[in-house]
Amino acid sequence: MPTLLKPLARLPLGLFHWVGAALGRVGFFLDKTYARRITENLASSGLSPSAKEMPALARLVAGEIGKSALELLVVWYAPPPRLHKFIRDVQGWASVEAALAKGRGIIFLTPHLGCFELASVYYSLRHPLTVLYRPPKLKWLHPLLHSGRQRAQAKLAPTNITGVKRLLHALRRGEAVGLLPDQVPSAGEGVWADFFQRPAYTMTLPWRLAERTGAAVFVISVTRLPHAQGYHMRFEPFAFPPGLNAQSAARLVNQALEGMITQNPTQYLWSYNRYKIPGNLPPVQ
């Protein structure tokens, strides 16, 4: 299937965004559960100007989610020169290179914001990268995601103890690893921490990896520019102060993500069940 998709990656980015936005809005109209989750998550975030404007904002979010799905054909299968043309601006890259020059490993935290998949491709075209990966529930999607996410020098690590060991080995070699910090971890692998005023089960792995290896930490955002003009990428240095516990570290990460999302609220994946309770874990009191 990936071979068949490569020719499609040469189509205009604007076409993918137009079709994706249309499909996203149709899905919002047809799938009431999907629409309700977007609306409820947006409402609880406090980012909507008013209740009256909430329906229009939710539809915009659905359109952006549709764009994020279809643009993956470009991100995963377009040749590197074409991808570079779409990246209009990169901020903070000098800090990344400085961390690499010191021989430190790097932990990249990339929330489900904008075209977040582009961040790993951008980096792995330059340096080795190991990304924590949870296979999709739909098995037919697995080979597609697997091939797309292992472009250039990118490697995948499963979300289990074997995967964590791979991340540790990569960091100790002075390489980079990538995590989705707003992905709900399995029971026992996180703590409850507020995320937009609601308790969310939050992974502590970034903090634990940084504590054990002394790696530098960066939070990445990749946001879409209007009218399919491309993307803006930003690498923000992030640090865990000494003496933190797991709860404080998780809240600190969530605060950093909130700041990025607040700047581009329509491009966040509000359809993701960020507040679910994993496994048999009791809900926070």
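This passage describes the overall build of a predicted model and then the surroundings of strand β8 and residue L109.

The predicted protein contains 12 helices and 9 strands. Its radius of gyration is 18 Å, and the globule rule gives 19 Å for 285 residues; the two values are close, so the protein is as compact as a globular protein of that length. The C-alpha trace extends over about 50 × 45 × 35 Å along the principal axes.

Buried residues account for 51% of the 285 residues. Contacts between residues at least 6 apart in sequence were also examined: 74% of them join residues at least 24 apart. The exposed surface of the protein amounts to about 13500 Å². Carbon and sulfur atoms supply 59% of that area. The charged side chains comprise 33 positive and 15 negative groups. The centres of these two sets lie 7 Å apart.

Strand β8 covers residues 216–224. Of its 9 residues, 9 are buried, so the strand is largely enclosed by the rest of the structure. Its side chains point two ways. A216, F218, I220, V222 and R224 point one way. V217, V219, S221 and T223 point the other way. Residues of both sets are buried, R224 among them.

Strand β8 pairs with β2 and with β9. Strand β2, residues 106–109, runs parallel to β8 and is joined to it by 4 bridges. In this pairing, L109 stands opposite V219 of β8. Strand β9, residues 231–238, runs antiparallel to β8, and 8 bridges join the two. Here V217 has F238 of β9 as its bridge partner. Strands β8 and β9 form a hairpin, with 6 residues between them. Within the turn, H227 has a positive phi of about 60 degrees.

Residue L109 belongs to strand β2. Its relative accessibility is 0%, so L109 counts as buried, the cut-off being under 20%. Beyond residues up to four places away in sequence, L109 touches V217, F218, V219 and I220, and these four residues lie in β8. The other residues that L109 touches are L179, P181, P206 and V253. A119 is 10 residues from L109 along the chain, and their C-alpha atoms are separated by 10.0 Å.

Definitions and conventions: Residues are numbered from 1 along each chain as its sequence is written. This is a predicted model: local features need pLDDT of at least 70, side-chain atom pairs count only at pLDDT 80 or more; totals for chains, interfaces and linings use all residues. Side-chain values use heavy atoms; hydrogens and water are left out. The radius of gyration is taken over C-alpha atoms; the globule rule is 2.2 Å times the number of residues to the power 0.38. Buried means under 20% relative accessible area, exposed over 50%, partly exposed in between (1.4 Å probe, protein chains only). Contact means heavy atoms within 4.5 Å. Accessible areas come from the Shrake-Rupley method with a 1.4 Å probe; for residues, only the protein chains shown count as cover. Lys and Arg count as positive and Asp and Glu as negative; His and the chain ends are not counted. The place of a charge is taken as NZ of Lys, CZ of Arg, CG of Asp or CD of Glu. Two strands pair if DSSP finds at least two bridges between them.
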